[in-house]
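Colleague: Please take me through one strand and its surroundings in close detail. Then place that part in the wider chain.

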Amino acid sequence: MPTLSVFMDVPLAQRLEGSLLKTYKQDNCPNKIFLAFRVCMTSEGHPWVSSVVPKIRLQIAYDPSLNYEYVPVKGMKSFTEASLKLLFGKHSQVIVENRVGGVHTVGDNGAFQLGAQFLKIWRKDSQIVYIISSKKEPYGLVFQDMGFTVCEYSFWDSKQLCIDSNVLLDVVEQAPHGCIFVIGNLGDCNLTQSQWARLMASMKSKQIFPFFDIPNQGLSTGDLEEDTGFLQYFVSQGFEFFCSQSLSKTFGIYDEGVGILVVVALNNQLLLCVLSQLMKLTHALWLNPPTTGARIITSILCNPALQEEWKQSLKGLVENIMLIKEKVKEKLRLLGTPGSWDHITDQNGPHSYLGLNFQQVEYLVKKKHIYLPKNGWINFSCINACNIDYITQSISEAVLSTKGSE
């Protein structure tokens with residue numbers, strides 16, 4: 001009699017990502033282009049790595065004093081401290097008052113896994129999570145899998161082709177008391193002083209718990225402090241919050257991803273209690289965080305000369321991306337492409353919306369072999385001097401070919 005598998009009832013999961021890349025790789029067209037890479041790319045088509053990183057890799061590889069013993073469950077203390085200073089500034093109120101701390105986590109989503117586990121246990125009266133960002137984020141799945149009720153919203157207005165900061169304000173005012181708000185790309189909203197006051201008042205009166213995502217500090221504007229300046233509003237208003245901080249993208253060490261779950265509490269005693277519970281969870285989840293990426297980042301952040309070289313390489317990357325966006329916008333204008341393309345340069349960071357509809361994206365994929373997500377959210381660092389003319393000409397044709405069907 002044949003043995004029945006214990007996996008008989010397990011269905012094939014829906015593909016989350018990678019199918020677009022798979023289709024691209026199977027395409028035999030010599031002119032095919034992929035605009036959906038997660039990492040920043042160089043003009044030669046390789047993943048961008050900060051110029052200072054290879055030097056540090058060699059130093060670490062040949063450092064005889066390194067001890068490869070297990071690190072504490074909380075992770076590398078030097079890595080956590082250096083990352084927190086970068087996030088808040090070493091003279092920040094929360095650092096001086098010793099009420100901010102962090103736990104060294106695994107990969108880009110490890111902080112959300114850890115934070116969600118904690119909130120599931122210690123916020124039992126509030127199992128509703130609002131996720132709001134400029135795009136659909138993968139961490140919604142983390143909260144869903146843990147049984148949270150998840151509501152997702154986007155800052156991006158696909159009709160007006162802009163970031164609509166009022167979305168956040170409206171959602172906060174409609175949200176129930178005591179819920180959790182996961183917020184990504186808040187710095188892109190450019191809230192006015194009156195909007196900040198309205199947001200702070202609503203979140204405080206409803207006792208909403210913020211959980212921020214900062215995956216690429218410095219890549220939005222090229223200014224590390226400007227990209228995280230909004231955190232000071234929450235610190236000054238006495239908020240407690242979590243924050244997922246990942247520096248892998250800003251150093252170019254994508255395959256050695258590490259991060260930190262940042263905790264801001266009202267005082268040091270509360271902070272220590274929270275960190276102790278997080279360490280218990282960490283012990284069960286991964287026990288020992290990876291250290292190679294953390295060592296690279298720490299070595300650079302703790303050396304003023306290396307940190308300055310890293311900042312300059314990061315600034316150069318951002319300036320190049322801004323230049324690419326300007327060129328794309330100008331070429332589309334010169335081609336007589338219908339519509340305004342100012343939204344391309346109004347958005348920060350390497351990934352931005354092209355502002356194309358579904359039919360236009362389909363045209364680019366099927367007719368022009370230019371691969372991009374259905375929402376038109378592309379990586380502008382994938383565009384270079386060799387392909388910019390073909391891409392802009394194709395976009396112009398896509399817009400013109402579907403203009404009559406709108």
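Modeller: What follows starts with one strand, moves to its partners, and then widens out.

The model is predicted. Take strand S10, residues 258-264. Seven of its seven residues are buried, so the strand is largely enclosed by the rest of the structure. Its side chains split into two sets. Val 258, Ile 260, Val 262 and Val 264 point one way. Gly 259, Leu 261 and Val 263 point the other way. Both sets are buried.

Now the partners. Strand S2, residues 100-106, pairs with S10 in the antiparallel sense. Seven bridges join S2 and S10. At one of the bridges, Val 106 has Val 258 as its partner. Strand S9, residues 241-246, also runs antiparallel to S10, with six bridges between them. There, Phe 241 stands opposite Val 264.

Stay with S2 for a moment. His 104 sits in this strand. Is His 104 buried or exposed? His 104 has a relative accessible area of 0%. The cut-off for buried is under 20%, so His 104 counts as buried. A polar atom of the His 104 side chain lies 2.9 Å from the backbone oxygen of Pro 290. What else does His 104 touch? Its contacts include Val 258 and Gly 259, which both belong to S10. Also among the contacts of His 104 are Lys 74, Gly 75, Met 76, Phe 79 and Thr 80. Trp 286, Pro 289, Pro 290 and Ala 294 are touched as well.

For contrast, look at Ser 65. This residue is found in the loop between helix H2 (53-61) and helix H3 (77-88). Ser 65 is exposed, with a relative accessible area of 61%. Its side chain makes a polar contact of 2.6 Å with the side chain of Asp 63.

Next, a helix. H14 covers residues 304-334, which is 31 residues. From first C-alpha to last, H14 reaches 45 Å, close to the 45 Å expected at 1.5 Å a residue. Asn 303 caps the N-terminal end of H14, with a side-chain oxygen 3.1 Å from the backbone nitrogen of Ala 305. Among the buried residues of H14 are Leu 306, Trp 310, Leu 314, Leu 317, Ile 321 and Val 328. Gln 307, Ser 313 and Lys 325 are also buried. After H14 comes Gly 336, with a positive phi near 75°.

Last, the wider frame. An unreviewed UniProt entry places the feature "domain: Aminotransferase class I/classII large" at residues 56-393. Over residues 56-393 the chain is 47% helix and 16% strand. The end C-alpha atoms of that stretch are 42 Å apart.

Note on methods: Residues are numbered from 1 along each chain as its sequence is written. This is a predicted model: local features need pLDDT of at least 70, side-chain atom pairs count only at pLDDT 80 or more; totals for chains, interfaces and linings use all residues. Side-chain values use heavy atoms; hydrogens and water are left out. UniProt positions are given in the numbering used here, feature names are shortened, and annotations may be inferred rather than shown by experiment. Helices (H or I, at least four residues) and strands (E, at least two) are DSSP runs, numbered from the N terminus. The expected span of a helix is 1.5 Å times one less than its number of residues. Buried means under 20% relative accessible area, exposed over 50%, partly exposed in between (1.4 Å probe, protein chains only). A polar contact is a pair of N or O atoms within 3.5 Å; within protein, one must be able to donate a hydrogen and the other to accept it, and residues adjacent in sequence count only if both atoms are side-chain atoms. Two strands pair if DSSP finds at least two bridges between them. Contact means heavy atoms within 4.5 Å. Lists of a residue's contacts leave out its neighbours within four places in sequence.
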